[in-house]
Amino acid sequence: QVQLMESGGGLVQTGGSLVLACTASGGTVSGSAMGWFRQAPGKAREFVAAIKWDGATTDYADSVQGRFTISRDDARSTVYLQMNGLRQEDTAVYFCAADPVRFSRGPLNYDIWGQGTQVTVSS
């Protein structure tokens with residue numbers, strides 16, 4: 001079974017940038033859609049971005065469109081989330097997830113999840 005692990009979270013100031021990475025081990029995710037989700041305290045987990053197994057087709061939540069970029073490097077079994085122009089409302093635990101059969105925004109459609117990495121955006 002594939003395991004996912006996020007890295008790259010941290011504390012940044014408003015307007016700053018951060019790159020998250022999600023690395024798969026124990027199997028391949030090259031045939032899976034990969035998604036990034038986030039969950040802030042007291043809020044439901046929400047969709048951030050997804051990339052299809054073709055490595056080109058992407059989807060973004062309106063709240064991050066134009067600021068975040070998702071990409072994948074299947075040779076390194078890694079998916080990235082480049083985050084620019086960070087805002088306080090971006091503060092959350094960020095999770096990556098894999099779905100071998102769907103390309104969607106629905107967290108319940110994703111089968112494999114990482115443990116999450118904290119992103120905190122301060123004023």
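Which backbone nitrogen does the side chain of D99 reach at 3.2 Å? The backbone nitrogen of R102 is the one that the side chain of D99 reaches at this distance, and the report returns to this residue after a view of the chain as a whole.

## Basis of the values

This is a predicted model, in which local features need pLDDT of at least 70 and side-chain atom pairs count only at pLDDT 80 or more, whereas totals for chains, interfaces and linings use all residues. Residues are numbered from 1 along each chain as its sequence is written, and side-chain values use heavy atoms, with hydrogens and water left out.

## The chain as a whole

The protein chain has eleven strands and zero helices, where strands (E, at least two residues) and helices (H or I, at least four residues) are DSSP runs numbered from the N terminus. Its pattern, read along the sequence, is β-β-β-β-β-β-β-β-β-β-β. Along the principal axes, the C-alpha atoms fill a box of roughly 40 × 25 × 25 Å. The radius of gyration of the protein chain is 13 Å, which agrees with the value near 14 Å for a compact globule of 123 residues; this radius is taken over C-alpha atoms, and the globule rule is 2.2 Å times the number of residues to the power 0.38.

Of the 123 residues in the protein chain, 42% are buried, where buried means under 20% relative accessible area, exposed means over 50%, and partly exposed lies in between (1.4 Å probe, protein chains only). The protein chain exposes about 5900 Å², of which carbon and sulfur atoms supply 49%; the areas come from the Shrake-Rupley method with a 1.4 Å probe. Among contacts (heavy atoms within 4.5 Å) with a separation of 6 or more, residues 24 or more positions apart account for 58%.

The chain carries 10 positive and 11 negative charges, whose mean positions are 2 Å apart. In this count Lys and Arg are positive and Asp and Glu negative, with His and the chain ends not counted, and each charge is placed at NZ of Lys, CZ of Arg, CG of Asp or CD of Glu.

## D99 in strand β9

D99 is found in strand β9, which covers residues 92–99, and it counts as buried because its relative accessibility is 0%. Its side chain reaches two backbone nitrogens, that of V101 at 3.0 Å and that of R102 at 3.2 Å. Such a polar contact is a pair of N or O atoms within 3.5 Å; within protein, one must be able to donate a hydrogen and the other to accept it, and residues adjacent in sequence count only if both atoms are side-chain atoms. With neighbours within four places in sequence left aside, D99 is in contact with S32, A33, W53, N109, Y110 and D111.

## T117 and Q118 in strand β11

T117 is found in strand β11 (residues 117–122) and is buried, with a relative accessible area of 10%. The side chain of T117 reaches the backbone nitrogen of G9 at 3.2 Å. Beyond the neighbours within four places in sequence, the contacts of T117 include E6, S7, G8, L20 and Y94.

Q118 also has its place in strand β11, but at 38% relative accessibility Q118 counts as partly exposed. A polar atom of the side chain of Q118 lies 3.4 Å from the backbone oxygen of A92, and the side chain of Q118 makes a polar contact of 3.3 Å with the side chain of T120. Outside its neighbours within four places in sequence, Q118 is in contact with G9, G10, T91, A92 and V93. Q118 and E6 are 112 residues apart in sequence, and their C-alpha atoms are 9.6 Å apart in space.

## Q13 in strand β2

Q13 lies in strand β2 (residues 10–13) and is exposed, with a relative accessible area of 58%. With neighbours within four places in sequence left aside, Q13 is in contact with V121 and S122. From C-alpha to C-alpha, Q13 and Q118 are 14 Å apart in space, with their positions 105 residues apart in sequence.

## Two loop residues

T28 has its place in the loop between β3 (18–25) and β4 (33–39), and it counts as exposed at 56% relative accessibility. The side chains of T28 and S30 are joined by a polar contact of 2.9 Å. T28 and D74 are 46 residues apart in sequence and 8.3 Å apart in space, C-alpha to C-alpha.

S77 is found in the loop between β7 (68–73) and β8 (78–83) and is partly exposed, with a relative accessible area of 23%. Although S77 is not a glycine, it has a positive phi of about 55°. Most residues other than glycine have a negative phi.
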